[in-house]
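Please look over the sequence and the model before reading on. The paragraphs below go through a few helices, a pocket and some loops in turn.

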Amino acid sequence: MKYGLYIHLPFCRRKCPYCSFMSITHAEAMMESYADAVFTEINLRSTGIFSDIPQTLYIGGGTPSMVPASCIERMLRDVPLRDTAECSVEANPDSLSEMWLERLLRIGINRISIGIQSLDDAILSQLGRLHTVRQAVGSVAMARRTGFRNLSVDLMFGVPGQTMHMWEDSLKRICELEVEHVSCYSLSMEEDTRFYTLALEDKLSLPDPEETSDMYLLATDTLTSNGFSQYEISNFARPEFECIHNRGYWNFTPYLGIGASAHSFDGDIRRWNVSDPAEYVERCASGIDPVLGFEVIDSRKRVLEQLMLSLRVGVLKVSDIISDTLIDRHAFNEKVDMMVKSGFMERDCGGNVRLTVSGKVIADEILSEIAADLY
């Protein structure tokens with residue numbers, strides 16, 4: 001059975017002020033024991049549907065590129081990467097090296113996702129990034145030189161101090177780099193982040209919602225006119241370079257999550273690990289299951305999640321997915337009508353719905369609002 005393997009490496013040099021992902025700093029001494037813990041958990045979980053060869057591998061973080069290649073190789077020594085279709089690793093420009101890239105390429109990693117975020121030094125500074133524009137451009141050239149033929153980059157818009165001209169210039173320069181995949185994310189105020197605190201204190205000057213929507217529209221226009229197709233709200237790819245691993249999440253393909261705070265889904269049950277990396281390492285070393293909790297995805301939850309995912313990747317055919325016995329059709333339509341009136345969604349003549357440009361910019365908030373109270 002097809003499934004994706006995800007490994008979370010929580011190590012960072014510095015916590016970005018907008019990031020809510022599980023990550024820790026100043027923990028280099030833990031990397032080797034963490035690699036051993038990941039290896040242990042992979043073998044513990046390799047049963048049932050997860051005993052087959054994974055279709056995809058995705059190593060995220062955190063900042064995987066600051067973890068020694070020897071550690072990554074050690075944790076993957078029982079994973080048959082040569083038989084895995086897509087093997088991705090996230091990286092940041094400030095921690096990339098040719099030696100690291102060369103070693104990962106040798107062990108079977110065939111896709112790199114680089115967190116560039118912006119090609120404007122002032123915006124990079126505002127985001128708390130440790131790299132410069134020169135390093136960002138150089139990291140793409142370095143990956144090419146090393147032999148990678150599948151490169152993805154992340155960009156962020158709606159950033160404090162960011163102008164339309166800055167955003168347009170970043171998009172133009174990204175297209176000139178001729179990467180295969182681009183992910184564009186609107187800055188969101190996540191709890192437990194420095195930006196969230198500043199926003200509550202009214203100390204963060206953000207672009208207004210209309211300008212942020214215009215930035216998103218500019219991204220879709222610029223990227224599609226330069227050979228990319230938009231296959232999800234935030235993701236654009238050249239032909240045959242869509243991220244197979246991420247498509248698995250959107251298509252309800254099972255996935256095995258390894259590492260601190262990682263989630264797994266076997267088709268019926270979603271499980272999640274302890275979030276503290278030290279506790280995760282200790283549990284694995286002591287033979288204690290690192291799983292902290294689980295939930296059964298019943299038919300009602302599955303339909304609702306499929307509904308939300310359908311909106312992320314395109315048009316939702318309401319008649320195909322909503323059953324009166326599972327989801328309150330009246331409540332759902334009331335919420336959609338409210339979103340239509342607000343300009344965040346639109347209906348076609350067949351009653352199908354989709355997010356508008358304004359809705360896509362704040363998709364997570366819109367989808368959460370629609371999903372609330374429908375379980």
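In this predicted model, a convenient place to begin is the residue that follows helix H11, Gly-314, whose phi is positive and lies near 160 degrees. The helix that comes before Gly-314 runs over residues 299-313, and its 15 residues reach 21 Å from the first C-alpha to the last, close to the 21 Å that would be expected at 1.5 Å a residue. At the N-terminal end of H11, Asp-298 acts as a cap, with a side-chain oxygen that lies 2.8 Å from the backbone nitrogen of Lys-301. Along the helix itself, the buried residues are Val-303, Leu-304, Glu-305, Leu-307, Met-308, Leu-309, Leu-311 and Arg-312, a list in which Glu-305 and Arg-312 count as charged by class.

Helix H6, made up of residues 164-176, can be read in a similar way. Its 13 residues reach 18 Å from the first C-alpha to the last, close to the 18 Å expected at 1.5 Å a residue. Within H6, the residues Trp-167, Ser-170, Leu-171, Ile-174 and Cys-175 are buried. When one looks down the axis of H6, these buried residues fall within an arc of 135 degrees, so they line one face of the helix. The face of H6 that is turned away from this buried side carries His-165, Lys-172 and Glu-176, which are exposed.

A third helix, H8, spans residues 209-224 and includes Thr-222. Is Thr-222 buried or exposed? Its relative accessibility is 17%, and because buried means under 20%, Thr-222 counts as buried. A polar atom of the Thr-222 side chain lies 2.8 Å from the backbone oxygen of Leu-218.

The next feature is a space rather than a helix. The second largest pocket holds about 200 Å³ of space, and of the 15 residues that line this pocket, Arg-45, Thr-47, Phe-50, Leu-256 and Arg-271 are the closest to its centre. Which elements supply at least two residues each of the lining of the second largest pocket? They are helix H1, at residues 31-45, strand S11, at residues 255-258, and strand S13, at residues 269-273, and the largest share, three residues, comes from H1. Sorted by class, the lining of the second largest pocket has five nonpolar, five polar and five charged residues.

Some details of the backbone in the loops remain. The loop that leads from strand S11 to strand S12, at residues 263-265, contains Ser-261, a residue other than glycine whose phi is nevertheless positive, near 70 degrees. With 18% relative accessibility, Ser-261 counts as buried. Another positive phi in a residue other than glycine belongs to Asp-192, where the value is near 65 degrees. Asp-192 has its place in the loop between strand S8, at residues 181-186, and helix H7, at residues 194-200, and at 76% relative accessibility Asp-192 counts as exposed.

The last detail concerns a peptide bond. The bond from Gly-61 to Gly-62 is cis, with omega near 20 degrees, and Gly-62 lies in the loop between strand S4, at residues 56-61, and helix H2, at residues 69-75.

Technical notes:
Residues numbered from 1 in each chain as written. Predicted model: local features only at pLDDT ≥ 70, side-chain atom pairs only at ≥ 80, totals over all residues. Heavy atoms only, no water. 1 Å grid on protein atoms, 1.4 Å probe; cavity = no way out; pocket = protein on both sides within 12 Å on 5 of 7 lines; lining within 4 Å. Points joined across faces, edges and corners; volume = space filled by probe spheres on them. Helix = DSSP H or I, 4+ residues; strand = E, 2+ residues; numbered from the N terminus. Expected span 1.5 Å × (residues − 1). Buried < 20%, exposed > 50% of the residue type's maximum accessible area, 1.4 Å probe, protein only. Polar contact = N/O pair within 3.5 Å; in protein donor to acceptor, adjacent residues only side chain to side chain. Arc of directions from axis to C-beta.
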